[in-house]
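Welcome to a short tour of a protein model. Have the structure open beside you, and we will go through its helices, its charged pairs and its cores in turn.

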Amino acid sequence: MPTSSPPRSLLAVPADNPRLLSSALRRPADALMPDLEDAVAPAAKEHARAEVVRFLTDPATVDTTLLVRVNDPASEAGRLDLAALAPNAGRLAGVVVPKSSRQSVAAVREILNVPVLALIETAVGVEEAYGIARQDHVVGVLFGSVDYTAELASRGGLHVSELGWAKSRVVNAAAAGGVWAVAGPRTVLDDEPGLRGEAETDRSLGFAGKLCVHPGQLAVVNAAFAPSSEQRAWARRVFDALESDGAAGVLRVDGQMIDRPLIEQARSVLSGPRAVVA
């Protein structure tokens, strides 16, 4: 179920912390990701599920885009997560499936009929990214750089700055599958220049947004994935030319040949960033 409306910023929030869940509603995130997986200790899983259900049924969340990260759907914890979410599935923009494979993504449909954001964070996931992206209930893929780096480091070492190949492979798989891609988080906090540079690089690779692990990252990420004033001005000139000479197969704007793909790019710029809608 592809959508042309990915989130620029996806804020992860521990699902067992009602204070953080509530405060996240006041943050400028395009979408929130209550996390039932890595952010929750095994002993707190049941409590976290109850908190997420409470959160979904809170009238304050009615206009909030919610993507809940569940545990592996093949595990008991994952099956319990999906079963707990089922009565309020209509409030979900989707679920985020960790360490996604074709099998784990398909397993969601056995319990819950909602869109899936597939978290690609293993070597197997990167290799299967295209097959994952092609499944009809997948709306996007999320590259989990932290777990992927850890897995490859255990086999001889990989520095986080050397992820270009894997990122590009995931973005290409998403594009080929007709879905969007969201970049993984920067875990170094209080480093605005580093975050800005990483987000701009992610955008240049083709990611549509970025996962944030702290509310303080949202403004930088939102700005990095929003069209610049120069890009908007260019897009307006393209449509001015289209309006004045729309019969032409090819337009000329700023000395550049503009054909249908660039017209669609200009249309995307002018439509502006929006939160994902399932």
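A residue counts as buried when its relative accessible area is under 20%. With that cut-off in hand, let us start at helix 7 of this predicted model. Helix 7 spans residues 145-153, and its buried residues are S145, Y148 and T149. Viewed along the axis of helix 7, these buried residues fall within an arc of 100°, so they line one face of the helix. Their cover includes helix 5, strand 6 (138-143) and helix 8. The general background is simple: an α-helix has 3.6 residues a turn, so residues three or four places apart point the same way.

**The overall picture**

Stepping back, the protein has 278 residues, of which 49% count as buried. Its secondary structure comes to 12 helices and 10 strands. Among contacts with a separation of 6 or more, 65% are between residues 24 or more positions apart. The protein exposes about 12,900 Å², and carbon and sulfur atoms supply 52% of that area.

**Helix 3 and its partners**

Which residues of helix 3 are buried? In this helix (residues 76-85), they are G78, D81, L82 and L85. These residues cover an arc of only 90° around the axis, which puts them on the same side of helix 3. They pack against helix 2 (45-56), strand 3 (67-69), strand 4 (94-97) and helix 4 (102-108).

One of these buried residues, D81, also takes part in a salt bridge with R49. R49 lies in helix 2 and D81 in helix 3, so the pair ties together parts that are 32 residues apart in sequence. Both ends are shielded: R49 is buried with a relative accessible area of 12%, and D81 is buried with a relative accessible area of 1%.

**Charged pairs**

Side chains of opposite charge can pair when their charged atoms come close. Across the whole structure, a search finds 14 salt bridges. Here are some of them, with the N to O distance for each pair.

| Salt bridge | Closest N to O distance |
|---|---|
| R49 and D81 | 2.6 Å |
| E127 and R169 | 3.1 Å |
| D202 and K210 | 2.7 Å |

E127 and R169 are joined by a salt bridge. This pair links distant parts of the chain, with E127 in helix 5 (residues 123-127) and R169 in helix 8 (residues 164-177), 42 residues apart. Is R169 buried or partly exposed? Its relative accessibility is 31%, so R169 counts as partly exposed.

In the third pair of the table, D202 and K210 are both buried. D202 and K210 also belong to a network of salt bridges that links them with K167, R186, D191 and E198.

**Nonpolar cores**

The largest nonpolar core holds 54 residues. Which of its members touch the most other members? They are L11, L85, V95, L112, V116, V141 and F143. Take L112 as a place to zoom in: leaving aside residues up to four places away in sequence, L112 touches L82, L85, A86, A89, L92 and V95. Two of those neighbours, L82 and L85, are among the buried residues of helix 3. A second, separate core of 14 residues includes A12, M33, A93 and V96.

Technical notes
Residues are numbered from 1 along each chain as its sequence is written. This is a predicted model: local features need pLDDT of at least 70, side-chain atom pairs count only at pLDDT 80 or more; totals for chains, interfaces and linings use all residues. Side-chain values use heavy atoms; hydrogens and water are left out. Buried means under 20% relative accessible area, exposed over 50%, partly exposed in between (1.4 Å probe, protein chains only). Helices (H or I, at least four residues) and strands (E, at least two) are DSSP runs, numbered from the N terminus. The arc is that of the directions from the helix axis to the C-beta atoms. Contact means heavy atoms within 4.5 Å. A salt bridge is a side-chain nitrogen of Lys or Arg within 4 Å of a carboxyl oxygen of Asp or Glu. A nonpolar core is a set of buried Ala, Val, Leu, Ile, Met, Phe, Trp, Tyr and Cys residues joined through side-chain atoms within 4.5 Å. Accessible areas come from the Shrake-Rupley method with a 1.4 Å probe; for residues, only the protein chains shown count as cover.
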